[in-house]
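Thank you all for coming this morning. I would like to walk you through one protein, beginning with a term we will need and then moving from the whole chain to a few residues.

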Amino acid sequence: MNKKAIWLIIGLMSAALIGIGWMQVNWITYSLNLNEEDFNNRVTAALNEVADRLELQEQLEVFNSMDNGFMRSFNQKEVMEGVARGEIDVSMSFKSTEFGNPGELSKTDIVNLYLEQNSCDCADCTKERYMTMSKLVSLTSGAVEVPIAERMELNFLDANLYQELEDHGIEMKYHYGVFSNKKNSYVIADNHFVVEDSRTQPTKLGYKNLYNSKYRVNLFQADVNSPGMLMVYFPEKASFVWASVWKNLLASILFTGIILFCFAYTIAVIIKQKKVSEMKGDFINNMTHEFKTPIATISLATDSISSPKIAGNPEKVKRFANIIKQENVRMNNQVEKVLQMAMLDKKDFSLKVTDINLHEIIGRATENISLSVERKEGKVTTDLQADKPIVEGDLTHLSNIVNNLLDNANKYSPEKPEISVATRNVTDGVQVIITDKGIGMSKEARKHIFDRFYRVHTGDLHDVKGFGLGLSYVKAMIVAHKGQINVKSDLGKGSSFTLFFPFKQEK
């Protein structure tokens, strides 16, 4: 998969995630608005019910206090006028023999019996009957002149407000107050009377939010001018509005997060696999080159030996035979590296642990690399300060570790290599430090040098050969020996590898 295809997938998936996020935000906003509208409607309906009950309660109290002879005369007059106009037929109410012969009763007796029989204590009947007397009640009771605080009972207001809110499905903490338009101040708040002070009341704790609340209703609307308002404030309103949304919101965030994680992980895997594919391609190219050269050399040497001129010269035959042998060893070493990595992948190996003197291994390795370094007019120095250089390990693998690092130090030092090897004792083991003054590595390269098939880019230096398996093998073997490896490097200044080998291997 090429880079364009990868970036196209990233762009499409990003656009899809943004679209899903935008739709989720719109849906949540719509749900919140819908819940708030429903909450507002419930509160408004409850407040209107409370206002109606307060007005009806006042009318009932006024009527009960005025239920005397004057009121009876008023009712009689109303009924008689209704009979005269033909709106009331009293004869239909007295067909029972219980009242005797209606013809023997006076008109006043008939009206009184009619009123008694048609009396009703239910709220709807009472309200309908009292509405016909509203004008008289207003004129005779003087209710319109009474302060609003005296026109209602605290417990009645508190109980009805609580009941109506509960009936409308609103069960949460609230504060309420009755505001007097005439005095421009609160007269009732949370079931108690308050001191009237129009200058400071709205800004007092608990009144400011109440004063700014949009949940309010005019009281005693039958009056010419409403004397005040009932206001309610809900400090936990947000909990009601979010009640049916927050679970869906959390689920949306969770699932979107999962999708985002899977998307990011998939892209990371694709990029990683692309890099691995590129490194494998480089590996195949390098392996082909590494094998092609010795094969060609062996072929030329074989042709030369087959020549009659060479075949009769034992020295030349011996020389070409040595070339064939060296190239064969070279090819065998390359194949061995590939087989070692296959063995490490399968973890099909075991360490032959013995007591190993690291100074002896370093001595043989530096001696082997010195010839190659001296050809480039370089030098290899050692500073072996470890008093206890003996550790438990596998001789073959420990030798390969040191040889690989020295070989890399030589290869990546294009001119006059300066390589040093030092040892020192630390807690529970020995440290080996291999330093060069070669081309060094960038910070990004240091992150991947232990990855299989990875090779540091050498810029204009094209003669550095290899499979990119050396350092991955080194890291695997050090881990197998329960050791550690750290690298420090500056681009253009060289690199330093610090190895730690424990004295004892865990059984």
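When I say that two residues are in contact, I mean that they have heavy atoms within 4.5 Å. Please also keep in mind that what you see here is a predicted model.

Let me begin with the whole protein, whose secondary structure comes to 15 helices and 11 strands. Of its 507 residues, 36% are buried, and the protein exposes about 31200 Å², of which carbon and sulfur atoms supply 54%. If we take the contacts between residues at least 6 apart in sequence, 69% of them join residues at least 24 apart.

Now to the interior, where the largest nonpolar core has 33 residues, and where I401 and F501 touch the most other members. Several elements each supply at least two residues of this core, among them the helices α12, α13 and α15 and the strands β8 and β9. If you find F501 on the screen and leave aside its neighbours within four places in sequence, you will see that F501 is in contact with residues including L358, L398, I401 and I478. There is also a second, separate core, which has 29 residues and includes A149, L161, I170 and I188.

Let us stay with two of those helices for a moment, and ask at what angle α12 and α13 pack. The angle is about 35°, with the axes 9 Å apart, and the crossing of the two helices is right-handed. On the α12 side the contact includes L358, I361, T366 and I369, and these belong to a group that meets residues of α13 including L395, L398, V402 and L406. The residues of this contact divide into 10 nonpolar, 5 polar and 2 charged.

I would like to finish with two single residues, and the first is T366, which has its place in helix α12. Is T366 buried or exposed? T366 counts as buried, because its relative accessibility is 9% and the cut-off for buried is under 20%. Leaving aside neighbours within four places in sequence, T366 is in contact with V380, T382, L406 and V421.

The other residue is N404, which is found in helix α13. By the same reasoning N404 is buried, because its relative accessible area is 16%. The C-alpha atoms of N404 and A365 are separated by 9.4 Å, although these residues lie 39 residues apart along the chain.

Technical notes:
Residues numbered from 1 in each chain as written. Predicted model: local features only at pLDDT ≥ 70, side-chain atom pairs only at ≥ 80, totals over all residues. Heavy atoms only, no water. Helix = DSSP H or I, 4+ residues; strand = E, 2+ residues; numbered from the N terminus. Buried < 20%, exposed > 50% of the residue type's maximum accessible area, 1.4 Å probe, protein only. Areas by Shrake-Rupley, 256 points an atom, 1.4 Å probe, with all protein chains shown as cover. Core = buried A, V, L, I, M, F, W, Y, C linked by side-chain atoms within 4.5 Å. Axes fitted to C-alpha atoms, helices over the stretch in contact; angles between N-to-C directions. Left-handed = near helix turned anticlockwise from the far one by under 90°. Nonpolar A, V, L, I, M, F, W, Y, C, P; charged D, E, K, R; others polar.
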